[in-house]
Amino acid sequence: MTKPLIGQDTSSNTAAPARRKLLKLGVLGAAAAVASPAFSQVSPNIRWRLASSFPKSLDTIYGGAEVLAKRLSEITGGKFQISVHAAGELMPAFGVVDALQTGSIECAHTASYYFVGKNRAFGFETTLPFGLNQRQQNAWVYYGGGLQLVREFLRDYNIVNFPGGNTGVQMGGWFKKEIKTLADLKGMKMRIPGIGGEIMSRLGAVPQQIPGGEIYQALEKGTIDGAEWVGPYDDEKLGLYKVASHYYYPGWWESNSMYSFYVNAKAWESLPKEYQAAFAAAAAEANIDMMAEYDFKNPTALRRLVGNGVKLHAYSQEIMKAAQTASFEFYAEEAEKNPAFRKIYEPWLKFRSDILVWHRFAENTYSNFVFNNPIK
């Protein structure tokens with residue numbers, strides 16, 4: 001399988017010379033090279049609408065679409081404009097795939113795992129429990145065949161996809177009491193969606209589907225016993241520490257959380273090649289930008305949370321091992337009955353095994369030394 005360069009569109013085997021130049025230059029070079037004179041006075045003016053699955057209050061994730069729109073306008077000299085609309089403005093947060101299929105909108109910014117109810121294979125692009133971290137996910141998507149595999153799957157939905165941001169590994173949730181053993185999970189009502197919720201169910205918890213804006217009230221009233229959201233920066237804004245003081249890590253169900261720009265296939269095919277190249281370059285920049293912003297914001301937010309009395313806890317080895325076993329049992333079962341899931345899962349599993357060997361020796365050894373030997 002041919003490996004795509006960052007931002008490369010693999011839906012076509014033909015490429016204009018200017019587009020090949022962009023790919024050689026890379027993401028930042030692409031932005032500069034594609035400006036003038038590639039976009040002349042005779043280049044068409046294009047106006048698209050983007051429906052986000054996120055509220056504006058989730059500013060870092062929602063901001064990924066704003067980065068795309070801003071850079072695309074700058075790259076094309078204002079020729080290609082995208083208006084960004086928060087969840088609920090054009091349609092409900094989880095209505096974007098249906099809207100793209102019918103051509104009601106040109107593009108969307110969303111998380112693929114919101115749509116695992118349609119097919120569990122939607123989970124791969126965002127994350128799977130005990131899957132890849134953010135760097136490993138980028139390697140799988142851009143060079144490990146992941147982009148091609150997901151695009152083949154999404155053809156049936158009339159969608160062309162581009163990576164569109166990442167939170168990195170998330171935190172493991174807020175609880176009113178400590179969760180020390182598997183027995184503590186039995187019957188516990190926890191806000192956790194998607195495949196992560198299915199794995200928690202296998203461990204004895206009772207997963208709840210609750211929108212982000214309702215988590216605080218549900219915890220406060222005791223409707224739920226615990227909830228996961230994102231990480232320190234976003235969790236602090238929801239005020240969850242005021243009603244549940246025990247904060248767990250890691251969020252093993254989201255070892256990374258990659259977001260996606262989804263484009264209606266016909267709208268994509270109608271774009272001139274230089275506009276496709278510009279979109280791919282802007283999307284790749286937005287993908288990298290979000291992770292950098294979270295890595296900047298989360299440390300100071302975590303310090304504030306601890307300063308407000310939050311108690312940090314690591315999940316026990318008992319819980320982690322049971323969750324990992326349950327996750328891969330689930331994948332094997334799904335692969336048996338779901339050809340679309342199996343087609344992605346088998347090469348994904350091999351990639352995961354290979355890259356973990358490398359990260360175990362170099363990355364993990366270095367990180368463990370630094371964490372265990374702080375400078376005093």
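**Exercise 1. Helix H2 against helix H11**

Determine in which hand H2 passes H11, and describe the packing of the two helices in this predicted model.

*Solution.*
Step 1. The crossing of H2 and H11 is right-handed.
Step 2. Two numbers describe a packed helix pair: the angle between the axes and the distance between them. For H2 (residues 59-75) and H11 (residues 273-307), the angle is about 145° and the axes are 8 Å apart.
Step 3. On the H2 side, the contact comprises Asp59, Thr60, Ile61, Gly64, Val67, Leu68, Arg71, Leu72 and Ile75. Their partners in H11 include Ala278, Phe279, Ala282, Ala283, Met290 and Tyr294, and also the charged residues Glu285, Asp289, Glu293 and Lys297.
Step 4. Sorted by class, this contact of H2 with H11 holds 12 nonpolar, two polar and six charged residues.

**Exercise 2. The five-stranded sheet**

State the strand order of the open sheet of five strands, identify its edge strands, and find which helices pack on it.

*Solution.*
Step 1. The order is S2-S1-S3-S10-S4, and the pairing is mixed.
Step 2. Strand S2 (80-85) and S4 are the edge strands, since each pairs on one side only.
Step 3. On average, with direction ignored, neighbouring strands of this sheet are turned by 25° against each other.
Step 4. H2 packs on the sheet and touches strand S1 (46-52), S2, S3 and S10, its direction making about 165° with that of S2.
Step 5. H11 also packs on the sheet. H11 touches S1, S2, S3, S4 and S10, and its direction makes about 30° with that of S4.

**Exercise 3. Strand S10 and its partners**

Establish how many residues of strand S10 (residues 258-264) are buried, and how S10 pairs with S3 and with S4.

*Solution.*
Step 1. Seven of the seven residues of S10 are buried.
Step 2. Met258, Ser260, Tyr262 and Asn264 point one way from the strand, while Tyr259, Phe261 and Val263 point the other way; both sets are buried.
Step 3. Strand S3 (residues 107-110) pairs with S10 in the antiparallel sense over four bridges. In register, Thr110 stands opposite Ser260, and His109 stands opposite Phe261.
Step 4. Strand S4 (residues 159-166) is antiparallel to S10 and is joined to S10 by six bridges. Here Phe162 stands opposite Phe261.

**Exercise 4. The six-stranded sheet**

Give the order of the open sheet of six strands and describe the pairing of S5 with S8.

*Solution.*
Step 1. The order is S7-S6-S8-S5-S9-S11, with mixed pairing.
Step 2. Strand S7 (206-208) and strand S11 (311-314) lie at the edges, each pairing on one side only.
Step 3. Strand S5 (residues 173-175) and strand S8 (residues 226-227) run antiparallel and are joined by two bridges. Trp174 stands opposite Ala227 in S8.

**Exercise 5. Aromatic pairs**

Classify the ring pair of Tyr114 and Phe115, and decide whether each residue is buried or partly exposed.

*Solution.*
Step 1. The structure holds 30 aromatic pairs. In the pair of Tyr114 and Phe115, the centres are 6.3 Å apart and the planes make 75°. Plane angles over 60 degrees count as edge-to-face, so the pair is edge-to-face.
Step 2. Tyr114 has a relative accessible area of 30% and is therefore partly exposed. Phe115 has 3% relative accessibility and so counts as buried, the cut-off being 20%.
Step 3. Both residues belong to a cluster linked by ring pairs, together with Phe54, Phe94, Tyr113, Phe122, Phe153, Tyr157 and Tyr259.

Key:
Residues numbered from 1 in each chain as written. Predicted model: local features only at pLDDT ≥ 70, side-chain atom pairs only at ≥ 80, totals over all residues. Heavy atoms only, no water. Axes fitted to C-alpha atoms, helices over the stretch in contact; angles between N-to-C directions. Left-handed = near helix turned anticlockwise from the far one by under 90°. Contact = heavy atoms within 4.5 Å. Phe/Tyr/Trp six-rings, centres within 6.5 Å; stacked < 30°, edge-to-face > 60°. Buried < 20%, exposed > 50% of the residue type's maximum accessible area, 1.4 Å probe, protein only.
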